[in-house]
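The following note is offered to a colleague who is meeting this structure for the first time. Please read the numbered points with the sequence and the model at hand.

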Amino acid sequence: MPMTDSRTLYIHTIGCQMNVYDGEQIERMLAGRGYRPVAGPESADLVVVNTCAIREKAEQKVFSFLGRLARLKRERPGMMVAVGGCVAQQEGEKIRKRAPCVDVIFGTRSINALPGLLDAAEVTGRPQAELAMSPGEAAFVTARPPEAGAGPASAFVTIMQGCDNFCAYCVVPRVRGREVSKPPESTLAEIENLVAAGVREVTLLGQNVNAYCGGAGGCDFPELLARVNAVEGLRRIRFTTSHPKDLSEGLMAAFGRLDKLCHHIHLPVQSGSDAVLARMNRKYSRQIYMDRVAALRDHCPDIAITSDFIVGFPGESEADFEQTLSLMDAVRFDGVFAFNYSDRPGAPAARFRNKVDPAASSRRLERLLNFQKTVTTEKHAAMVGKVVEVLVDGPARKSAPQFTGRTFGNAIVNFTPEPADRMDQMDLMDRTDLMDQFRPGRRVRVLIEAAFAHSLRGKPEPREAKGEKSHAA
Ligand code: SAH
Ligand code: SF4
Ligand code: F3S
């Protein structure tokens, strides 16, 4: 039954882009029932916690946030707390033993059940839980599209749920279930709705998008990309994550063929040692990985390649770790995420012997990140003096007229249109006109002037004077 009164909602998201996507869907789903978002849990009638179980630290964050909610709830007993996501799926009703303040627990494939669970908790006054691993299309959350004009420049679209790979360290197949693909028709309709709302860039999400197989005709991932590329009004397409073992010729060729497909691939390697890769159950060797990187660069010479690493996997020796550094040296990634190995309940590696001393693992992590910082800084420095196309995400800082966006690769670019003093001198019309050029979703050509470890800075190329274009044509 839709609510007519206005209640307040706060969604707290921990974890990967899939959780961010789920959080956005939940917000729109509950907006239809009269909930409006507020900035923090203190003033919320309902708090939804979107949880992550990938490493122990992520799980600890969940329980410390629930501790904070318990204290708030003592002051405001009417507040409701709902917990979804990967810890909800993993722990189920056990969550309430550690966090009795929780009213509703919903699993990773039970998001559509949330409104009903909230109603039942309210009517009965008793906690509710739904953890069913809904099969097929029911595994995906379905919320109404955003209002016209209300969309951001860039949005996520989950196209697959689950994972069938069972890497030895990973909890995802246990908490997100077996692979299932969203049919291409619903994916395209969702993207068209986003574009109508103002979105110009979509990032397609799945744990292993190469395994995408949707609809009656068995549309594969390169075909889906081609169909998304044809959506009018959309400017850029990104996707994540690709498993190196499944990276196909068809996908590599797409980078050269599809004009909207950004020149970036996130291709997690995890380790540069064959022995470690085999124990991780990654199903590729160091050589296969390097061959795929070379093939990608053949298809798309300026492709940005980023990766994930786990250091201190059980049994990883110093020599194994040196192999990881030498792979990084050979590939020269554009960016990496790296993590200390963390035992996960139910994952086979939790039972492996020869655990690495956490202090040694942290030292390796630091060496790895320092190495990458040097590479990224060098790569960024090589871009100084070049002009790049930036898709504007929005203002970089609230106080200064500085904007932020990304290149067609994956670099973050901050730029300031005019020296601030000149902006101050402009009349309102000129200023509004200038700001309009840099609205989220606009494409701007930016001359890169300075390079840092995590970003670039530049200034927009001067605009053609009004009317100049028609003279030139
Ligand atoms: N599906 C993606 C990654 C999902 S998890 C893939 O196949 O690569 C994101 C990253 O978290 C992984 O790439 C891995 O580097 C890291 N990770 C996963 N489980 C971990 C664990 N138990 N300890 C430390 N890092 C882990
Ligand atoms: Fe986890 Fe491996 Fe699946 Fe990625 S591919 S989600 S690391 S099991
Ligand atoms: Fe975390 Fe679940 Fe994503 S475990 S990384 S939120 S799939």
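**Notes on the domain interface, the ligand sites and local geometry**

1. Across the interface of domain 2 and domain 3 the rule finds one salt bridge. Its partners are Glu389 and Arg236, whose closest N and O atoms are 3.2 Å apart. Eight residue pairs across this interface are in polar contact. The model is a predicted one, and both members of each of these pairs have a pLDDT of 80 or more.

2. Three elements give two or more residues to the side of domain 2 that touches domain 3: strand S13 (236-240), strand S15 (304-311) and helix H13 (358-381). Helix H13 provides the largest share, with five residues. By residue class, this side of domain 2 consists of five nonpolar, seven polar and eight charged residues.

3. The domain assignment places domain 1 at 7-136, domain 2 at 148-381 and domain 3 at 387-460. The contact between domain 2 and domain 3 takes 20 residues from domain 2 and 21 residues from domain 3. The C-alpha centres of these two domains lie 29 Å apart.

4. How much area is buried between domain 2 and domain 3? The value is about 1,500 Å², and carbon and sulfur atoms give 59% of it. On the side of domain 2, Arg235, Arg236 and His380 supply 45% of the area buried against domain 3, more than any other three residues. Arg236 is also the residue that forms the salt bridge with Glu389.

5. Ligand 1 is surrounded by 15 residues, the closest being Tyr169, Gln207, Gln270, Asp308 and Ser342. The side chain of Asp308 has an N or O atom 2.7 Å from an oxygen atom of the ligand. At Ser342, a backbone N or O atom lies 2.8 Å from a nitrogen atom of ligand 1. Arg55 places a polar side-chain atom 3.1 Å from an oxygen atom of ligand 1.

6. Which residues surround ligand 2? They are Cys163, Asn165, Phe166, Cys167, Tyr169, Cys170, Val172, Pro173, Gln207, His243 and Arg282. This shell divides into seven nonpolar residues, three polar residues and one charged residue.

7. Around ligand 3 stand Cys16, Asn19, Thr51, Cys52, Ala53, Ile54, Cys86, Arg176 and Gln207. Five residues of this shell are nonpolar, three are polar and one is charged. Gln207 deserves a second look, as it is listed among the closest residues to ligand 1, in the surroundings of ligand 2 and in those of ligand 3.

8. The structure as a whole holds 19 salt bridges. One of them joins Arg7 and Glu122, with the closest N and O atoms 2.8 Å apart. Arg7 belongs to strand S1 (residues 7-13) and Glu122 to helix H5 (residues 114-124), so this pair ties together parts that are 115 residues apart in sequence.

9. Two details of the backbone may be checked by eye. A cis peptide bond, with omega of about 5°, joins Thr240 and Thr241. Thr241 is placed in the loop between S13 and helix H9 (249-257). Lys283 is not a glycine, yet has a positive phi of about 65°. The place of Lys283 is the loop between helix H10 (274-280) and helix H11 (286-299).

Technical notes
Residues numbered from 1 in each chain as written. Chains lettered and ligands numbered in written order. Predicted model: local features only at pLDDT ≥ 70, side-chain atom pairs only at ≥ 80, totals over all residues. Heavy atoms only, no water. Domains from an automatic or database assignment. Contact = heavy atoms within 4.5 Å. Buried area = accessible area lost by both parts, 1.4 Å probe. Salt bridge = Lys/Arg side-chain N within 4 Å of Asp/Glu carboxyl O. Polar contact = N/O pair within 3.5 Å; in protein donor to acceptor, adjacent residues only side chain to side chain. Helix = DSSP H or I, 4+ residues; strand = E, 2+ residues; numbered from the N terminus. Nonpolar A, V, L, I, M, F, W, Y, C, P; charged D, E, K, R; others polar. Near = heavy atom within 4 Å.
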